[in-house]
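I open this notebook to keep track of what I looked up, entry by entry, in the structure shown below.

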Amino acid sequence: SARAAAAVHQGGIDRGSRTVVPSYQQPPAWCRRHRHRQQQRRRGDHGRLPWPRLLAPAIRIDEPADWSPVDEALGSMEQYDWLVFSSSNGVDYLLRRLFEIGHDVRRLGGVKLAAIGAGTAERLSDYHLNADLVPDTYTAEALAESLVPYAEGKRFLLARASRGREVLAEALRDAGGDVTQV
């Protein structure tokens, strides 16, 4: 439009033509710095977004009411072959808990790491961890399809949302894997 062209010509961006409405809540304070760094890398200019942002959460991301299943799983990581993350929030919460109970990333040294997508793999890299498996398509079905060849006789720890779908767990169990979800 002429208005947008004029704004760009004047060294700015037409901020009136677009509003971004993310469907997530404000991240917890402990992970804002990671998200800030990630947003800066995406923008490339280390500046502000060129359009207004309106927060309109569609889901709530929060700590579990009871950490004991997570603590138990983290305390016995040697029994798992794979640790599977279905979101970058899962990475943040699980690893933060790992540190809170007195462990460090060496506790994960014996397991392979799987991430549902590039964003989740990038979040792992924020903790100096590399995903061993990231599917080309970022869905639970694609992650399941990628892990099924490794499933028979293996133990999987799935770090997932409490209301997430069962697609991944069911596929791994059907393929002979032993699955624990936290």
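Two strands count as paired if DSSP finds at least two bridges between them. With that in mind I looked up L157 and found that its bridge partner in strand 4 is T180. I note at the outset that I am working with a predicted model.

**Entry: overall make-up**

I went through the secondary structure of the protein chain and found that it comes to 7 helices and 4 strands. Reading from the N terminus on, I wrote down the order of the elements as α-α-α-β-α-β-α-α-β-α-β. I also looked up burial and contact range: 36% of the 182 residues of the protein chain count as buried, and among contacts between residues at least 6 apart in sequence, 64% join residues at least 24 apart.

**Entry: the sheet**

How are the strands ordered in the sheet? I found an open sheet of 4 strands in the order 2-1-3-4, with parallel pairing. Strand 2 and strand 4 (178-181) stand at the edges, and because each has a single partner strand, one side of each is left without a neighbour in the sheet. From one strand to the next, the twist averages 20°.

I then took the pairings one at a time. Strand 1 (residues 82-85) and strand 2 (residues 112-115) run parallel and are joined by 4 bridges, and in this pair I found L83 standing opposite L113 of strand 2. Strand 1 also pairs with strand 3 (residues 155-159), in the parallel sense and over 4 bridges. For this second pairing I listed the partners in strand 3: W82 has F156, V84 has L158, and F85 has A159. On the other flank, strand 3 is joined to strand 4 by 4 bridges, and these two strands run parallel.

**Entry: burial in the strands**

Which way do the side chains of strand 1 point? I found W82 and V84 pointing one way and L83 and F85 the other way, and all of them are buried. For strand 3 I noted that 4 of its 5 residues are buried, so that I can describe this strand as mostly covered, given that buried means under 20% relative accessible area.

**Entry: the crossover and helix 4**

I followed the chain from strand 1 through helix 4 (residues 88-100) to strand 2, and these elements make a right-handed β-α-β unit. Within helix 4 I stopped at S88. Is S88 buried or exposed? Its relative accessibility is 19%, and because the cut-off for buried is under 20%, S88 counts as buried. Leaving aside its neighbours within four places in sequence, I found S88 in contact with G119, T120 and R123. In helix 5 (118-126), I listed T120, A121, R123, L124 and D126 as the buried residues.

**Entry: helix packing**

Two packed helices are described by the angle between their axes and the distance between the axes, and I looked up both values for two pairs.

Helix 3 (residues 68-75) and helix 4 pack at an angle of about 70°, with their axes 10 Å apart. Angles of 65 to 115 degrees count as roughly perpendicular, and I therefore recorded helix 3 and helix 4 as roughly perpendicular to each other. At this contact V70, D71 and L74 in helix 3 meet L94, R97 and L98 in helix 4.

For helix 6 and helix 7 (residues 167-174) I found an angle of about 20° and a distance of 9 Å between the axes. Angles under 35 degrees count as roughly parallel, and these two helices are therefore roughly parallel to each other. Helix 6 passes helix 7 in a right-handed crossing. The contact is made by A140, E141, L143, A144 and L147 of helix 6, together with V167, L168, A171 and L172 of helix 7.

**Entry: H128**

Last, I looked at a backbone angle in the loop between helix 5 (118-126) and helix 6 (140-147), where H128 has its place. Most residues other than glycine have a negative phi. In H128, just after helix 5, I found instead a positive phi of about 65°. I also checked the surroundings of this residue, and H128 is exposed, with a relative accessible area of 75%.

Notes: Residues numbered from 1 in each chain as written. Predicted model: local features only at pLDDT ≥ 70, side-chain atom pairs only at ≥ 80, totals over all residues. Heavy atoms only, no water. Buried < 20%, exposed > 50% of the residue type's maximum accessible area, 1.4 Å probe, protein only. Right-handed = clockwise from strand over helix to strand, strands pointing away. Axes fitted to C-alpha atoms, helices over the stretch in contact; angles between N-to-C directions. Parallel < 35°, antiparallel > 145°, perpendicular 65-115°, else oblique. Left-handed = near helix turned anticlockwise from the far one by under 90°. Contact = heavy atoms within 4.5 Å.
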